[in-house]
Every structure is written in C-alpha cells, then in structure tokens.
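Q: Could you take me through the salt bridges in this model, looking closely at where the paired side chains sit?

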Amino acid sequence: MSSKLARSGVAIAALALCAALSPTGGWAGTTIVIGLQQEPTSLDPTADATASIDGMLTQNLFESLTTVNEAGEVLPQLAESWTVSEDGLTYTFDLVDGAMFHDGTGFDAEDVKFSFDRAMAEDSVNPSKGLFKPIESVTVVDAGTVEIKLKQKDAFFLFNMAQGDVSIVAPESVEANNANPVGTGPFKYDSWTRGDKLVLVKNPDHRDAGSVALERVEFKFIADAAAASAALLAGEIDAFPGFPAPELLPQFEADPRFKVVTGSTEGEVILAMNNSKAPFNDIRVRQAVSHAIDRGEIIDGAMYGQAVPIGSFYPPHGPAYVDLTGTYPHDTAKAKALFEEAGVAGTTMTLRVPPFPYATRSAEIIQAQLAEAGIDAKVENVEWGFWIDEIYKKLNYDMTIIAHTSPNDMGNFARGPKYFYGYDDAGYTDLWNRISAEADDAARNALLAEAQKYLADQAVHGFLFQLPQLGVYKTGVEGFWDSRAVLFQPLAGVSVN
C-alpha cells in the first residue's frame, strides 16, 4: 500500500521519492542520490506490495512488455509491437532483439511465459494477482513472439502490462530477486545497505545504454521529512519529486536555487474501515464516520492546503470523475445520531496508521473530529512492516489511513473479503467486471461514474483527499515527471547538469 499495494490490486504508498546529487567529485554530473521516505522489505515487485519498490526498480532495473509515459499513454518496452484480434481476446507480442538479463542470460519468449505462469500459479504471492485474472493462456509462438489469450476483454490490459507486478523475470535468478534483483533494465543492482541506502549502476549492455545519462543512482532512505528538507537546503539533496512536508514549500519557492512543482498522483488517501468486522459492517457506523470527517480541516492541517478533496475512490483529474464530496457533508450532529442509532456511541475505536506524514497528521485531526462525534479514537502509529503484516495481510485493525497510489485501482473493491478492506459486494463486483470489459471509452467512463457513486453511497471508507506530487528541484536536475500516472519513475531520461 505508500505505500504500492494496488493496481487492479493494491498499491498503497507514500511515494515520498526524492533525488540528490552525489558529492562524489569523480561522478559529478552522472550520479544522483534519490531519497525515499519508505524503505521496502523486499526488492521484488512481483512479490511485495510496497510502492517504493516500483519507485526505485520498475522500468529502471526491471522491465515489462509495455511501459507508460507521464501522460499515461502505453508504449513499447520488451515488446516492440503487438497486434490484437478482432474479438479483443488475443494479443500477439513481438519481442525486442538484444535484451539481456543483468547476469548475462538471454531474454526470450520463454522468460515471458515463465513470469506470467509464476504470477498466475495457485501458490503465487504476487500482490496484484487480479491483473492476471483475465488471462486464459500464455503461449510461446517462437523465441521472439508470445501470444496471450484472455478469458474476457480487459480494457486496462496493455496499461497493466507495464506495472511492476508484471515485470519480466528469469527462472535462473528469480529466487534471489527479493534481495539481489536481476532484470533487463537500463540500471542494474549494486548494493543494499538496509536502513541506509540502495545503489544502482548503469547497465552498459542495455540496448538503449547510449541514451542513459546517469552512471550511478543512490536511493537514500530518509524517514524524517525535516531531515530530508535539511539535506535539500544543505545541498546534499538536489531533487525531491515527492516532497512530504508541504508546510516547508514556501522557503523553497523563495529560494532561487530551487524550483517547486505541484503535480498530481493516482493516490487516493482514505480513512479505511475494516468492513469485515463490527461495528464497521454496519453501514450506519461507516456513514457516521464519513459525516464526522471535515475534509477541509484535514487538508489544511495535514497538507497545508496542498490537496484536493475526494468523495469516492477516483482521482479528480480523471476523465470519469464525479464530485461526490457532498454525499456525506461534515455534520457532527448527524454523526452522533448515527453512532447512537447503531449502538456504538461512546465506544473506543483504534486507528492504526503507517509512518507517513499525510497519515500521521491526518490521524490526529480525525481523532479530534471523531471525539466531537462521541467516539474515542485511539491512534496507534506503527512501522511499515507491521502495517503490511498486521493490517494489509491479516486485517488486524479497525481503521487506518493509507494512500492507494496505483492507477485504475477501483478493482480493489472487487477483491473480496480477504483483501484488507474486508469488503464483499456482489453488485459492485459485477459492476467492476463490466467496467474492465468495456472497450468504448465513453461507455466505460459512464460505468466508472456509477462505480464511484456506488462506493460513496455505501460509505465503504472515509474518502479524504488526492495525494499531490510536490516536487522541489535544484537547478540542473532534469527529467523527473511533474505528475504520476503510474507508480514508477523512469530514470533513463533523468540528467544532472
């Protein structure tokens, strides 16, 4: 979850990604240090749902059949081209020549089939198995051609093929990818000092190595936003594409050494409620929580006004967006009445939050808002590993605050009661299946609008705001995306001048 957890599956993330010039003189202009607030527990995007894995490795170390640009357009990657049958069920991918894995093993259609079969296996631990659900079969036509047949049409198929969960891996190296990842990308793994940094170096054997400016990329794990800001001001960090401290932006806006860019992400920040347990299996309780929330106060207090409110699970910049923020207007009296009606007035509810500023700050404000409505919300700040294990995997929570940063992730609500929402609704699942199969953009957008209203009406969660992409850049660092249509940030186009 900042967390990656979702893509048709999960992507939950903070996406606090930052970058900086290395002070190493010999590498001047070719080395960049990228700070991350979130250190993952694994380096395998096909086995772990943490968003920072994608931020570091997807489309940098690992590659997929397709890729996506900043505008969200699907482009070729390991597949140089493809054809689609008239019925929309058969995709034939022509693979690139000259791709190799970092350990020297060759890349061909067998690696594609292996990667898909592994992800679709019954014992697969892929965090976004839903991406593969539409696939009927994967067939090797020849070394350079793969045929993928679908059970039903999937409007998001080519887009989904670019995600980290669908990275192409090799049988020779896959077992060690959690700590020693091997891919086909323009950068390869160098070292990982847990609790400190991860280093990638340029892959000189990459087919497009000549267009890659950086020789060395260092991801520095900085959990504290104030420390990251201090490093930026001290010249130790030269770019921070996911700046986590909006209250500090004015000083950078006033400093001629920097430029500040405000973009958007796919990250819906929600007050998630465990729909599988009492009292949150009672819609009156969920509605009461939604009425108790004052989004304006949360955005002002937690994000210093740098966010857009949401009323359902869809980004405001999306083509199908419907403004549903008025579905449950802030109304403390109404919230109190609903809590009393449901028999939970005066009770204690636990709010477990991961260590990201947007979550911890929002939790304090929501705690006070729920107190005004007669609920004692006990806030527990937990580490990311604990959050993944206890909340995401075991559903051991009442409420939590998390940003779902994957695109096209309304399918999360069709994942059934084992997904951490604990939400299971046949009507919504049917609606999502129709959305996924609809090839016509206008018709699909109409269904997406219906889905937004469905989730808002049921008050599945407290929908808070869209996570912004706040970037602070030092002059000379170019190529970082202002906005994110996906979780990854390609570094092949980044340069330091």
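A: Happy to; here is a walk through the salt bridges, pair by pair.

This is a predicted model, in which local features need pLDDT of at least 70 and side-chain atom pairs count only at pLDDT 80 or more, while totals for chains, interfaces and linings use all residues. Residues are numbered from 1 along each chain as its sequence is written, and side-chain values use heavy atoms, with hydrogens and water left out.

Side chains of opposite charge can pair when their charged atoms come close. Counting a salt bridge as a side-chain nitrogen of Lys or Arg within 4 Å of a carboxyl oxygen of Asp or Glu, the total is 19.

Let's start with Lys474 and Asp238, whose side chains meet at 3.4 Å, N to O. This pair links distant parts of the chain, 236 residues apart: Lys474 belongs to strand β20 (residues 462-474), and Asp238 to the loop between α4 (225-233) and β14 (239-240). Helices (H or I, at least four residues) and strands (E, at least two) are DSSP runs, numbered from the N terminus. Asp238 is buried, with a relative accessible area of 1%, whereas Lys474 is partly exposed at 27%. Here buried means under 20% relative accessible area, exposed over 50%, and partly exposed in between (1.4 Å probe, protein chains only).

Next, Glu247 pairs with Arg361, with the closest N and O atoms 2.7 Å apart. Because Glu247 lies in the loop between β14 and α5 (249-253) and Arg361 in helix α9 (residues 357-372), the bridge ties together parts that are 114 residues apart in sequence. Glu247 is partly exposed, at 26% relative accessibility.

Lys394 and Glu390 also form a salt bridge, at 3.3 Å between the closest N and O atoms, and Glu390 is buried at 15%. Finally, Lys197, Arg216 and Glu218 are joined into one network by salt bridges that share partners.
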